[in-house]
Amino acid sequence: MNYSYLRMVKEDLGVIQLERKIYTESWLNNFRNLGFERGYQDTTFVLFYKFDKKLKDLIGNGETLTIVIVAKTYDFNFYSDTVDGAINKLYMDYKNAKKVRRQIVLQFKKYNDFNKDNKKELESVIMFKERANYLINLNVGYFVKNNSVYFLRAKKRYPNKAYYYAVKQICKYCFLDGAE
């Protein structure tokens with residue numbers, strides 16, 4: 001996995017210009033339209049989630065938990081105890097938690113400008129695979145001034161099918177048709 005990560009960092013695909021704005025009320029409502037439930041909300045972030053028994057894009061046994069975290073503040077920490085606690089509560093409240101084989105977390109955060117420090121923060125992803133179990137945490141930066149996004153992605157070859165699925169979902173949620 002380390003080689004795949006380093007390859008994506010080295011490819012340095014840069015920001016993607018958006019045609020539509022995200023971080024709007026209609027954008028947040030779109031998650032509900034896509035089958036997500038609101039799992040947690042406070043002054044710093046909102047968490048949407050959905051459990052899928054079968055996904056046609058991800059072959060294999062087990063269920064998939066897809067989580068979308070939308071940060072409300074510029075200094076939000078993706079890996080805080082509050083976020084971890086909110087995710088753990090989803091598992092505690094789900095009767096088939098032991099059947100979940102894939103956890104995909106897409107974390108959106110606003111920034112004013114794209115710079116080296118922001119890029120480094122966004123590139124701190126989790127790509128864990130053990131047999132049929134996947135844990136993917138992928139950070140998406142939204143740059144307000146120029147209406148663009150950045151997330152770590154590959155030109156052609158992805159680390160695994162779950163990471164590829166996560167990138168496809170980000171493109172879908174940001175209204176990017178085929179842009180990777």
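Residues are termed exposed when their relative accessible area is over 50% and buried when it is under 20%. In these terms, the face of helix α1 turned away from its buried side carries the exposed residues N2, Y3, L6 and K10. The structure described here is a predicted model, and the results below proceed from the chain as a whole to its individual elements.

The chain contains 5 helices and 8 strands. Read from the N terminus, the order of these elements is α-β-α-β-β-β-α-β-α-β-β-β-α. For 180 residues, a compact globule would be expected to have a radius of gyration near 16 Å, and the value of 16 Å found for the chain agrees with this expectation. Along the principal axes, the C-alpha atoms occupy a box of roughly 45 × 40 × 30 Å. Of the 180 residues, 49% are buried. Among contacts with a separation of 6 or more, 70% are made by residues 24 or more positions apart. The exposed surface of the chain amounts to about 9,800 Å², of which carbon and sulfur atoms supply 48%.

Confidence in the prediction is expressed by a mean pLDDT of 87 for the chain, with 94% of the residues at 70 or more. The lowest mean confidence, 74, belongs to helix α1 (residues 2-11), whereas the highest, 94, belongs to strand β8 (residues 148-150).

In helix α1, the buried residues are S4, R7 and M8. These residues cover an arc of only 95 degrees around the axis, and they therefore lie on the same side of α1. This arrangement may be read against the geometry of helices in general. An α-helix has 3.6 residues a turn, so residues three or four places apart point the same way. The buried residues of α1 pack against β6 (126-130) and α5. After α1 comes D12, which has a positive phi near 45 degrees.

Helix α2 (residues 25-33) buries W27, L28, N30 and F31. Viewed down the axis of α2, these buried residues fall within an arc of 145 degrees, so that they line one face of the helix. E25, S26 and N33 are exposed on the other side of α2. The packing partners of the buried residues of α2 are three strands and a helix, namely β3 (45-52), β4 (63-71), β5 (100-111) and α5 (161-173). The residue G35, which follows α2, has a positive phi near 100 degrees.

Strand β3, one of the elements against which α2 packs, is largely enclosed by the rest of the structure, because 8 of its 8 residues are buried. Burial extends to both faces of β3, with F45, L47, Y49 and F51 on one side and V46, F48, K50 and D52 on the other. Strand β2 (residues 37-41) pairs with β3 in the antiparallel sense over 4 bridges, and the two strands form a hairpin with 3 residues between them. Within this pairing, R38 stands opposite F48 of β3. Strands β3 and β4 also run antiparallel and are joined by 8 bridges. The residue of β4 that serves as bridge partner to L47 is I69.

Positive phi values also occur in two loop residues. Y23 lies in the loop between β1 (16-17) and α2. Although Y23 is not a glycine, its phi is positive, at about 65 degrees. The relative accessible area of Y23 is 19%, and the residue is therefore classed as buried, the cut-off being under 20%.

N147 is located in the loop between β7 (133-143) and β8. Its phi is near 50 degrees, again a positive value in a residue other than glycine. With a relative accessible area of 10%, N147 is buried. The C-alpha atoms of N147 and K21 are separated by 6.5 Å, while the two residues are 126 residues apart along the chain. When neighbours within four places in sequence are left aside, the contacts of N147 are with I16, Q17, L18, E19, R20, K21, I22 and Y142.

Note on methods
Residues numbered from 1 in each chain as written. Predicted model: local features only at pLDDT ≥ 70, side-chain atom pairs only at ≥ 80, totals over all residues. Heavy atoms only, no water. Buried < 20%, exposed > 50% of the residue type's maximum accessible area, 1.4 Å probe, protein only. Arc of directions from axis to C-beta. Contact = heavy atoms within 4.5 Å. Pairing = 2+ DSSP bridges. Rg over C-alpha atoms; globule rule 2.2 N^0.38 Å. Areas by Shrake-Rupley, 256 points an atom, 1.4 Å probe, with all protein chains shown as cover. pLDDT = per-residue confidence, 0-100.
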